[in-house]
Amino acid sequence: MRFPLACLPLVLVSGSLLAADDRSDFQWIQVQGGITDHRTKNPDHQQPAFGFGVGSWVNGHVGFEASGLFTHVNYGYPSSREAHATASLLINPFRTPSTVRPFLRLGVGGTAIGEPISGTGSTTTRLSGTVGLGLQLLMGDRGFASLEGRLVQIESQVSRKEGQALAGIGMRWGNRKPAPAAYVPPPPVVEVRVEAPQPPPQVIVVTTPPPPPEVIYVPAPVVPRKIILEEATLHFANGKAILSTEGRAAVNTVAAELKELKAPFQVVVSGHTSKVGRAAFNLQLSKDRAAAVAKVLVEAGIPAADIQSEGLSFTQPRVKERTKTDQAINRRVEIDIKTRSEDVEIRPKETTVVE
């Protein structure tokens, strides 16, 4: 067989590439399809072909593949079957990117040719050799595609050549990443120091006066200032809602003290009467007395929103009315201050009872 023997020197040269170990081997399986051109006298010399391949890269430069290809061929009679079984050596002498793998194929195998012209459907097997150029394109983590052109020489009574153009797609596994380079630690650095002789130490005696006694300043404790408020009780003449001079002064004192209070507060002004007179008259009179006191507070600078005015008539007497003096005590207006501040002390204040 002339053709496979001619490829033997290339096989021997490629064996030296087995020593290259770039840790890029993987295995694969693929299916292929294409066209064969058997160049017979029959004008229908181009036929479709399909096949498969199973292979492995030993390293980035040398690999092996077992493949099969099925097609038809015309030798002057129609529809003869042809099957190629090939064991191939793949050689990649280049340093290429990790996703591109060109290769040269050198293979030997057998070709089975069906001969229906004999009438028996017998099959003849011939020795064949294959050379080819191809390219693998790696896709993702497991896939790849291939493009390849092959030339097959079939040994028979008359040697025949057949061209094949194939495209394939397949799956790969077993990839290994390049091994990290061994870490070589740097040589240790030896530092040599030469110390000059030191002069003898000098003794210096320094006499310092004792430090003055330390004076510690202790600040006087800060006592929070407590605000004193007066809740006034103002008395009115019988049947009247007019504040006396003493009562107006008491209301102004309450207003001045409230202005110094920073915390929120509410002033409740409640008017009261004795039981003398009709109930409706006393109710209105108690409201008028409370309104008169609230007006003085507003005039003194207390916001009207902070003042609540109400008339309670004779429903809340201070004393039980037996005499006119008891009645005078119940004729009053009370100023109550409501606040949540803890710095406030509230003291009661009462004006003179008006007989």
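Helices (H or I, at least four residues) and strands (E, at least two) are DSSP runs, numbered from the N terminus. Val 31 lies in one such run, strand β1. This is a predicted model, in which local features need pLDDT of at least 70 and side-chain atom pairs count only at pLDDT 80 or more, while totals for chains, interfaces and linings use all residues. Residues are numbered from 1 along each chain as its sequence is written, and side-chain values use heavy atoms, with hydrogens and water left out.

Q: Why is the contact between Arg 105 and Glu 148 called a salt bridge?
A: A salt bridge requires a side-chain nitrogen of Lys or Arg within 4 Å of a carboxyl oxygen of Asp or Glu. The N to O distance here is 2.3 Å, and therefore the pair qualifies. Arg 105 belongs to strand β5 (residues 100-115) and Glu 148 to strand β7 (residues 143-154), so that the pair, 43 residues apart, links distant parts of the chain.

Q: How do you know whether Glu 148 is buried or exposed?
A: Buried means under 20% relative accessible area, exposed over 50%, and partly exposed in between (1.4 Å probe, protein chains only). Glu 148 has a value of 7%, and is therefore buried. Arg 150, at 8%, is likewise buried.

Q: What makes a network of Glu 65, Arg 105, Glu 148 and Arg 150?
A: These residues are joined by salt bridges that share partners. One of these bridges pairs Glu 148 with Arg 150, whose closest N and O atoms are 3.1 Å apart. The whole structure contains four salt bridges, among them that of Glu 334 with Arg 332 at 2.8 Å, N to O; both of these residues are buried.

Q: How do you know that the length of helix α2 agrees with its number of residues?
A: The expected span is 1.5 Å times one less than the number of residues. For the 15 residues of α2 (residues 245-259) this gives 21 Å, and the end C-alpha atoms are 22 Å apart, which agrees.

Q: Which residues of α2 are buried, and what puts them on the same side?
A: Gly 247, Ala 250, Val 251, Val 254, Ala 255, Glu 257 and Leu 258 are buried. They cover an arc of only 165° around the axis, taken from the directions from the helix axis to the C-beta atoms, which puts them on the same side of α2. An α-helix has 3.6 residues a turn, so residues three or four places apart point the same way.
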